[in-house]
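Biologist: Could you walk me through this one? I'd like to take the chains in turn and then look inside.

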Amino acid sequence: MTNEEIRTIVLATLKGIAPEIEESDLRPDRPLRDQVDLDSMDWLNFLVGLHQRLQVEIPEADYRKLTTLDTVIAYLAQKCV
Amino acid sequence: MIEFKLPSLGADMDKGKFLEWRIKPGDQVKRGDVVAVVDTSKAAVDVEIWNEGTVYELIAEPGVTMRVGTVMATLLAPGETPEAAEAEKRTRPAAVAVSVQAEAVPVTAVAAPVVPGERRRVSPVARRRAAELGVDAESVAGTGPHGAVTLEDVERAAAATKAAPAVPAAQLDKQAEMRRAIAAAMSRSKREIPHYYLSERVPLQNATLWLQAENARRGLTERVLMAALFLKSVALACETYPDMNGLYRDGKFEPGASVHVGVAISLRQGGLIAPAIHDVQKKSLTQLMQDLTDLVKRARAGSLRSSEMSDPTITVTNLGDQGVESVFGVIYPPQVALVGFGRVAELACVVEGGLRIIPAVTASLAADHRVSDGHRGALFLAEIRRLLQQPETL
């Protein structure tokens, strides 16, 4: 799966939780949770959504690697090979 | 004969717009069945019934706004015959007829395509989708049976108005209405309830480690958030300190028979709603987590049940995710206490005579001085703190 495909899935999952976001307003190198106002429940739902769409397991210990849109995509790309 | 009346769905509601029946004459109903859908300023609520019986007459008409307490339908009690009900009706004919006519205010602000006097039928799924898309379901042209508005109609209307302003007028109205409802409830709280406030720092070393180990064993979909531990600890503490859990009505305090915890949930489009998770003291953390996930999802989709809206006996607010250290809440009347949790953060704490860096949270209590004093409140917070030191017992 290409990074571009993963990116599309990540954004679609995010939109399912925060329908008001505009892709153009998202800075891919800035912390996602600050930009999108995701509380811990939203964050868990976001990860569950990614898990369901991409069939990846995301251990809690890896949460700290998932900060920005870029790092989330990189993490998933490495898991999806 | 049983009269089914529009129940109050919270302190900030004195009227509701009746949307549709989920029952028809002759249906058997039992406690907890959803019988009607009523729109409040906050959500379309599935209204439950608390009597057992057979539906006799449906009185309320869809699309009509009515006051809390208006008779919406009549039911036959188990064993009662229609003849007996008719006889009973004759003894109080005015009561039923007048309350509806006098109290039911027809909604006049229905949008253009509707013929005056004709009511729109909107399927619940279409209504929900319309709310999501910010479409006024009442103004959509319906293609379903009897001109009912269907899901497709709503989506077509949404696509057609895509170029329109970002926030549709219907949604703005809804937001303004919700703001007014919150204002009314919070003003009443501050006017009537003599609040006192306490706060306590709660170490979460044990809870964090326990949760990490627990979540490492669990799949993503079964993971538990710290919020579930907070809810459970508050509910268990309420069992020991029942003067924090219940309702203050008509000049006296009625302790809650169970602990129904209202969970403050912020809505993405603005506003706040605090529906209940029932019997929290009896539920496992796994169950609580499922209930919480489901409740947040449904609150944001605008689909709640009447019992969730009307019967919280205490409220918990968790603003820590937004980064604040502590929160001092406003009690939601007629409840008598609100527990707030701030951010879980690493703090320098003195543990057994040494300085340690451990995760901790500030728990706060806003409680009603008519019912309890600071001393009791302090013991209650200390109990929450104690419970959170033993996460395996929650």
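Modeller: Starting with chain A, buried residues make up 21% of its 81 residues; please keep in mind throughout that this is a predicted model.

Biologist: What does chain A have in the way of helices and strands?

Modeller: Chain A has four helices and zero strands, so that, by the DSSP runs, its elements read α-α-α-α from the N terminus on.

Biologist: And what radius of gyration does chain A have, set against a compact globule?

Modeller: The radius of gyration of chain A is 11 Å, which agrees with the value near 12 Å that a compact globule of 81 residues would have. Taken along the principal axes, the C-alpha atoms of chain A fill a box of roughly 30 × 25 × 20 Å. Among its contacts between residues at least 6 apart in sequence, 62% join residues at least 24 apart.

Biologist: How many residues of chain A are in contact with chain B?

Modeller: There are 13 residues of chain A in contact with twelve residues of chain B. On the chain A side, the residues in question divide into seven nonpolar, two polar and four charged.

Biologist: Switching to chain B, which domains is it divided into?

Modeller: Chain B is divided into domain 1 (2–106) and domain 2 (195–393), and the centres of these two domains of chain B, taken over C-alpha atoms, are separated by 34 Å. Their contact takes 13 residues from domain 1 of chain B and twelve residues from domain 2 of chain B.

Biologist: Which element gives the most on the domain 1 side?

Modeller: That is strand β5 (residues 44–48) of chain B, which gives five residues to the side of domain 1 that touches domain 2. By class, that side of domain 1 of chain B has eight nonpolar, two polar and three charged residues.

Biologist: Now the interior: which residues have the most contacts inside the largest nonpolar core?

Modeller: Those are L231(B), V234(B), V261(B) and A337(B), in a core of 102 residues. Helix α7 (residues 226–240) of chain B contributes the largest share of this core, ten residues, and at least three residues are drawn from each of domain 1 and domain 2 of chain B.

Biologist: What is V234(B) in contact with, leaving aside its neighbours within four places in sequence?

Modeller: V234(B) is then in contact with V261(B), I314(B), V316(B), V339(B) and I384(B). There is also a second, separate core of nine residues, which includes V122(B), A130(B), A137(B) and V154(B).

Biologist: Where does A130(B) sit, and what else is buried there?

Modeller: A130(B) lies in helix α3 (residues 124–133) of chain B, where A126(B), R127(B), R128(B), R129(B) and A131(B) are buried as well. Just after α3(B), G134(B) takes a positive phi of about 75°.

Biologist: Back to I314(B) and V316(B): which way do they point from β18(B)?

Modeller: I314(B) and V316(B) point one way together with N318(B), while T315(B) and T317(B) point the other way, and all are buried. Because five of the five residues of strand β18 (residues 314–318) of chain B are buried, this strand is largely enclosed by the rest of the structure.

Biologist: Which strands pair with β18(B)?

Modeller: Strand β13 (residues 261–263) of chain B pairs with β18(B) in the parallel sense over three bridges, with V263(B) opposite V316(B). Strand β19 (residues 337–341) of chain B also pairs with β18(B) in the parallel sense, over four bridges, and there T317(B) stands opposite G340(B).

Technical notes: Residues numbered from 1 in each chain as written. Chains lettered and ligands numbered in written order. Predicted model: local features only at pLDDT ≥ 70, side-chain atom pairs only at ≥ 80, totals over all residues. Core = buried A, V, L, I, M, F, W, Y, C linked by C-beta atoms within 7 Å. Buried ≥ 20, exposed ≤ 12 C-beta atoms within 10 Å, placed from the backbone. Helix = DSSP H or I, 4+ residues; strand = E, 2+ residues; numbered from the N terminus. Domains from an automatic or database assignment. Contact = placed C-beta atoms within 7 Å. Nonpolar A, V, L, I, M, F, W, Y, C, P; charged D, E, K, R; others polar. Rg over C-alpha atoms; globule rule 2.2 N^0.38 Å. Pairing = 2+ DSSP bridges.
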